[in-house]
Amino acid sequence: LLGFVEVVLEVGGRRLFGPLSFSVTGPERIAVTGPNGSGKTSLLELATGRRAPTAGRVHRAQGAIAMLDQHVGLLDPALDLVANLRRHHPELDDNGAHAALARFAFRNKDARRLAVTLSGGEQLRAGLAVALSGACPPQLLILDEPTNHLDIDAIETLEAALADFDGALLVVSHDRHFLEAIGIEGQIMLG
């Protein structure tokens, strides 16, 4: 699904990390850890192709990777949840979008709420619905600080949703309890 081969990342003449090599070949659950400024979010940007490495190679399975950032940037705040889902998955009709959103506890009129009106936990649930509800769900889900700005109930809902996800996870988080609850098996430590 994802491979880093001797990847080096420099920003502004400063080496953030590398050379770094690892691979994700199946439904593994891996945490990316390290102090602030060590390049954790940049590593995720390399993994998704949003950034190019300074040296080395990144291999990724096309169409098999989805990312959910801490601000749930894939949601358009001006659109309702059905429209957000259909924007990313045009193959879904309204009924299919409603069914997908219902699996993430957005039933009936809640599916027509504007994204801007959602709490942090609701935004994360909606983002997961968008990321995981396509005709071909991702095999690797990348999460950047998913528990930031969430209350205990929202974190528990997220933990339950990720426990049911049968693909690979690559997660940046400082929350040790959360990482244990979602079954993290490996770690990439930066810095």
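**Two sheets, one shared helix, and a helix pair**

Let's start with helix H1, residues 40–48, which lies across strands S1, S2 and S4 and runs at about 130° to S1. Keep in mind as you look around that this is a predicted model.

What do those three strands build? They form an open sheet in the order S2-S1-S4, and the pairing is antiparallel. Strand S2 (14–24) and strand S4 (55–60) are the edge strands, each pairing on one side only. From one strand to the next, the twist averages 25°. If you would like to trace a pairing in your viewer, go to strand S1 (residues 2–11): seven bridges join S1 to S2, and the two run antiparallel. One place to look is Gly-3, whose bridge partner in S2 is Ser-23.

It is worth a short pause on what such pairing involves. In general, strands of a sheet pair through backbone hydrogen bonds, and they can do so either parallel or antiparallel.

The parallel kind of pairing appears in another open sheet, where five strands follow the order S5-S6-S7-S3-S8. Its edge strands are strand S5 (65–68) and strand S8 (186–189), and each of them pairs on one side only. Here the twist averages 20° from one strand to the next. For a detail to inspect, take strand S3 (residues 29–33), which four bridges join to S8, the two running parallel. Within this pair, Thr-33 of S3 stands opposite Met-189 in S8.

Now helix H1 comes back into view. H1 packs on this five-stranded sheet as well, touching S3, S5, strand S6 (140–144), strand S7 (168–172) and S8. The direction of H1 makes about 150° with that of S6. So much for the sheets; let's turn to a pair of helices.

Two packed helices are described by the angle between their axes and the distance between the axes. For helix H2 (residues 81–88) and helix H4 (residues 120–132), the angle is about 30° and the axes are 9 Å apart. Angles under 35 degrees count as roughly parallel, and H2 and H4 are therefore roughly parallel to each other. The crossing of H2 and H4 is right-handed.

Which residues of H2 and H4 meet? From H2 come Leu-81, Asn-84, Leu-85 and His-88, and from H4 come Ala-126, Ala-129 and Val-130. Sorted by class, the contact of H2 with H4 has five nonpolar residues, two polar ones and no charged ones.

How values were computed: Residues are numbered from 1 along each chain as its sequence is written. This is a predicted model: local features need pLDDT of at least 70, side-chain atom pairs count only at pLDDT 80 or more; totals for chains, interfaces and linings use all residues. Side-chain values use heavy atoms; hydrogens and water are left out. Axes are lines fitted to C-alpha atoms, for helices over the stretch in contact, and angles run from 0 to 180 degrees between N-to-C directions. Angles under 35 degrees count as roughly parallel, over 145 as roughly antiparallel, 65 to 115 as roughly perpendicular and the rest as oblique. A crossing is left-handed if the near helix is turned anticlockwise from the far one by less than a right angle, and right-handed if clockwise. Contact means heavy atoms within 4.5 Å. Ala, Val, Leu, Ile, Met, Phe, Trp, Tyr, Cys and Pro count as nonpolar, Asp, Glu, Lys and Arg as charged, and the others, Gly among them, as polar. Two strands pair if DSSP finds at least two bridges between them.
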